[in-house]
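User: I am new to this structure and would like to understand the reasoning behind the terms used for it. Could you take me through them one at a time?

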Amino acid sequence: MKDQKINHRPPQSSDSFEISTPKEKSVGMPAVVESLRQMNKYMDMPKALRASLKMNQKGGFDCPGCAWPDPDDERSPLGEYCENGIKALAEEATKFRANPDFFLKHSIAELSAMSDFTLGKSGRLTQPMYLAEGDDHYRAISWEAAFKKMAAQLNAVNPNEAIFYTSGRTSNEAAFLYQLFVRAYGTNNLPDCSNMCHESSGKALSQTLGIGKGSVTLEDIHQADLIMVMGQNPGTNHPRMLSALEKNKANGGTIIAVNPMKEAGLVHYTNPQKVSRMLMGGVDLTDLYLPIRINGDLAFVKALMILLLEKEEKNGGVFDHDFIKAQTTGYDEVIASIKTADFDTCVKESGLQEADIRKAAELIVANKNMIICWAMGITQQVNGVDTIKEIVNLLLLRGSIGKSGAGTCPVRGHSNVQGDRTMGIYESMSEGFHQKLDKAFGIQTPREHGYATIHAIEAMYEKKAKVFFAMGGNFLSAAPDTDYTAEGLRNCELTVHVSTKPNRSHLVHGKEAIILPCLGRTEMDMQASGYQFVSVENSMGVVHSSKGVLSPLSPALKSEVAIVAGLAKAVFANSEKVNIDWNVLEGDYDKIREKIEEVIPGFEDYNNRVREKNGFELPNGARTRNFSTSDGKAHFTVNALPENEIPAGHYHLGTVRSHDQYNTTIYGLDDRYRGIKNGREVILMNKKDMQLAGFKAKDKVNVHSIFKGKTRSIFNFSIVPYDLPQGNLMAYFPEANPLVPIDSFALESFTPVSKRIVVKLERVSA
Ligand SMILES: Nc1nc2c(c(=O)[nH]1)N[C@H]1C(S)=C(S)[C@@H](COP(=O)(O)OP(=O)(O)OC[C@H]3O[C@@H](n4cnc5c(=O)[nH]c(N)nc54)[C@H](O)[C@@H]3O)O[C@H]1N2
Ligand SMILES: Nc1nc2c(c(=O)[nH]1)N[C@H]1C(S)=C(S)[C@@H](COP(=O)(O)OP(=O)(O)OC[C@H]3O[C@@H](n4cnc5c(=O)[nH]c(N)nc54)[C@H](O)[C@@H]3O)O[C@H]1N2
Ligand SMILES: [Mo]
């Protein structure tokens, strides 16, 4: 068994699949049926119903899915849930168990031969598991022994040789305690999933508007005159956003969607919680759909600005001069750059029809208050930071910031990814933060910046890091360049994962490996002082509580807070420098919140305000036109057009989520809206491109990504004809991750370029 190869790439999930016409309508009855089917298949039904009624309800738990906010007053009695929220629930509260017997039955090699779908469906982890050096099976271990082993290893290395990753589901309380432990231990190596996600937004927004978060509230979305949704697929990834867009339409709003793919959720929506809407057949959401070429967004926004300037110079009234004069800098420079930009080049680079861009400009001028929403189609590009700065330019010209119905809306992914960052999960926190943390706990934390994700992978690959600890997530599969990342993890002395379910990162391990099973959001968290709740921050900066309702599926599960505290106690058992009472913090989360209040601005009176019905809003300068930049003004910036040219015979490939997955967790093998059934190893391709290259539907190809002289490949993927701009291809994340080069990242934010991989296709002969 020992020398059997461990698959670090996901094996084929299915070898037969069907293609049908993509849908133009989303949600409605099929979504309700699918939710029930998932609950029925993976959960005990009474438990499932009880839990679903508590999801996103006051006093209940926050959906473990996305970070979209909940409405204050109008939560549906059916539960403020959505199809993909239910799938997230069914996944976490599953009736299946990956218990010690499961690991005794299957060696690591056998587990790695399972597809991601099968592996995930094996169920919830129930016991801490340990893989000894040279062993081929994980075996049950006690918590105490696990903490001891980790502490011994952590105390044997230099703290900067250890890496502490966080995925974005971790609560504020757990995240704060975790970063405290890591910094008290002696490093700022705190990479997180945000590095691969909205880091470009954070960088661009903090430079231009003085805050790395979006500026709008849910009410703004309802009230905006115009919403432009760029590089985002809310029908699948933020389904509750659709009911906010529906409300915007009902209030007379206009929606523009900018996306290479015509996503069903953006086109038409039937609200599943309103019987009348189900009978009436729903609403058309998007007024203007712009099938942009991959990474054509910056050119598109520039083209819009050229047209707006023309209109401004002709008739006036387009730019908000009062605002611009009083509260911005860089206006003259940006106008000068717009004047020298070439409109035809911008049109060509965007891949859009000139008439469509003119229509969009007219809609912008006709509608006073504008919000721009965006997600991964914008951030995961080499020039992602610049594109977002260009988006800010457009909003600033219109004065569309810091007033009702206007502003920036980066739509966050994981349900507490924004909160984790607020809590200090970041490799380079400010000096002010460190000083307060030091004072609150009587410690001296290191100031040297740590590794973000890409640098952490490189450090492991180069053997500069020896311990990898992950608070949630599935680092191997989520990270770029799967083969390279796998080698990095294998170079470690110890890899540890705090997880709810088995995933591929458990199988591609260091010399020793540990899996620590934790409570999920849905489960009751009992500690010394009693029943605990945690808190999370949604995409719009509202902090609110989340309380699990289901009894934990195994008595051995620990909360993430208890795991951090347990590890800290073991690591600092003989420490003279760190003298923190971890038991007090673990036993009563109010005590952690008191400390958060001491260290992090905006959390005054945390324990009282978090108990209020709708939680509380964190301060947000951009929302009130108080820009916390160096000069207190919003900054216009000049951003060059990116270089998108590729040699003949090459394509741009983007990686996206199907309707049946949560990042690397595969719920099922279908992508209902896109008409793909029972298959994930697919390459979506324009029909004309297929003809030109001589491909038929379902032809098999190997895909080669060529970057800086190195070729990376994936094999035996099937061509699916799809309505995409010519020259653009799409495939699913994580199957296509081996193609994303480790050294291809967004400038300034170091976000892997997952949306524009330069590839060639090679036919696989039958
Ligand atoms: N059910 C479910 N919910 C989720 C997730 C999930 O996996 N499943 N993941 C969560 C996470 S962590 C995140 S970050 C979010 C992700 O949410 P999204 O950003 O919506 O996720 P992606 O599937 O990456 O989709 C990106 C969209 O951008 C488009 N696109 C690709 N390239 C370009 C481009 O160059 N320009 C433009 N304008 N568009 C482009 C794609 O066609 C696609 O519609 O969702 C969160 N919610
Ligand atoms: N090619 C490509 N790569 C990408 C992307 C892309 O669009 N294309 N998107 C990127 C983005 S936006 C993101 S955010 C990252 C996501 O990266 P990650 O956050 O690392 O990945 P997930 O798949 O969300 O993690 C799933 C695992 O988390 C664990 N888990 C679930 N719930 C909990 C919990 O409550 N507590 C704990 N401790 N563990 C839990 C389970 O064991 C599960 O297997 O991937 C990035 N990678
Ligand atoms: Mo994300």
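Analyst: Gladly, with the caution that this is a predicted model.

User: What makes Gln-232 count as buried?

Analyst: The relative accessibility of Gln-232 is 3%, and buried means under 20%, so Gln-232 counts as buried. As for its place in the chain, Gln-232 lies in the loop between strand S8 (226-230) and H11.

User: How do you know that the side chains of Gln-232 and His-238 are joined by a polar contact?

Analyst: The contact between the side chains of Gln-232 and His-238 is 3.4 Å, and the cut-off for such a pair of N or O atoms is within 3.5 Å, so the pair is a polar contact.

User: Why is the pair of Phe-102 and Phe-103 called edge-to-face?

Analyst: By the rule for rings, whose centres must lie within 6.5 Å, the count comes to 23 aromatic pairs. The ring centres of Phe-102 and Phe-103 are 5.3 Å apart and their planes stand at 85°; planes over 60 degrees apart count as edge-to-face, so that is the name this pair receives. Phe-102 and Phe-103 are both buried.

User: Why is the pair of Trp-143 and Phe-147 called tilted?

Analyst: The centres of Trp-143 and Phe-147 are 5.6 Å apart, with 35° between the planes. Planes under 30 degrees apart would count as stacked and planes over 60 as edge-to-face, with the rest tilted, so this pair is tilted. Both residues lie in helix H7 (residues 143-156), where they are 4 residues apart, about one turn of the helix, and both Trp-143 and Phe-147 are buried.

User: Which residues form one aromatic cluster?

Analyst: That cluster is formed by Phe-164, Tyr-178, Phe-181, Tyr-185, Phe-469, Phe-572 and Trp-582.

User: What makes ligand 2 lie between two domains?

Analyst: Residues of the shell around ligand 2 come from both domain 1 (43-195 + 416-611) and domain 3 (643-763), so the ligand lies between them. The shell has 30 residues, the closest being Tyr-165, Ser-167, Ala-478, Glu-560 and Thr-664. By class, 10 of the residues in the shell around ligand 2 are nonpolar, 15 polar and 5 charged.

User: How do you know that ligand 2 has a polar contact with the side chain of His-414?

Analyst: An N or O atom in the side chain of His-414 is 2.8 Å from an oxygen atom of ligand 2, and the limit is within 3.5 Å, so the two atoms make a polar contact. A nitrogen atom of ligand 2 is also 3.3 Å from an N or O atom in the side chain of Thr-500. Taken alone, ligand 2 exposes 930 Å², of which the protein buries 96%.

User: Which atoms of Asn-237 and Val-258 lie by a nitrogen atom of ligand 1?

Analyst: In Asn-237 it is a polar backbone atom, 2.8 Å from a nitrogen atom of ligand 1, and in Val-258 it is a backbone N or O atom, at 3.1 Å from a nitrogen atom of the ligand. Ligand 1 taken alone exposes 920 Å², and the protein buries 99% of that.

User: Which domains supply the shell around ligand 1?

Analyst: Domain 2 (199-410) and domain 3 (643-763) each give at least three residues to the shell around ligand 1. Helix H11 (234-237), helix H20 (376-379) and strand S26 (661-662) each supply at least two residues of that shell.

How values were computed
Residues numbered from 1 in each chain as written. Chains lettered and ligands numbered in written order. Predicted model: local features only at pLDDT ≥ 70, side-chain atom pairs only at ≥ 80, totals over all residues. Heavy atoms only, no water. Near = heavy atom within 4 Å. Polar contact = N/O pair within 3.5 Å; in protein donor to acceptor, adjacent residues only side chain to side chain. Areas by Shrake-Rupley, 256 points an atom, 1.4 Å probe, with all protein chains shown as cover. Nonpolar A, V, L, I, M, F, W, Y, C, P; charged D, E, K, R; others polar. Domains from an automatic or database assignment. Phe/Tyr/Trp six-rings, centres within 6.5 Å; stacked < 30°, edge-to-face > 60°. Buried < 20%, exposed > 50% of the residue type's maximum accessible area, 1.4 Å probe, protein only.
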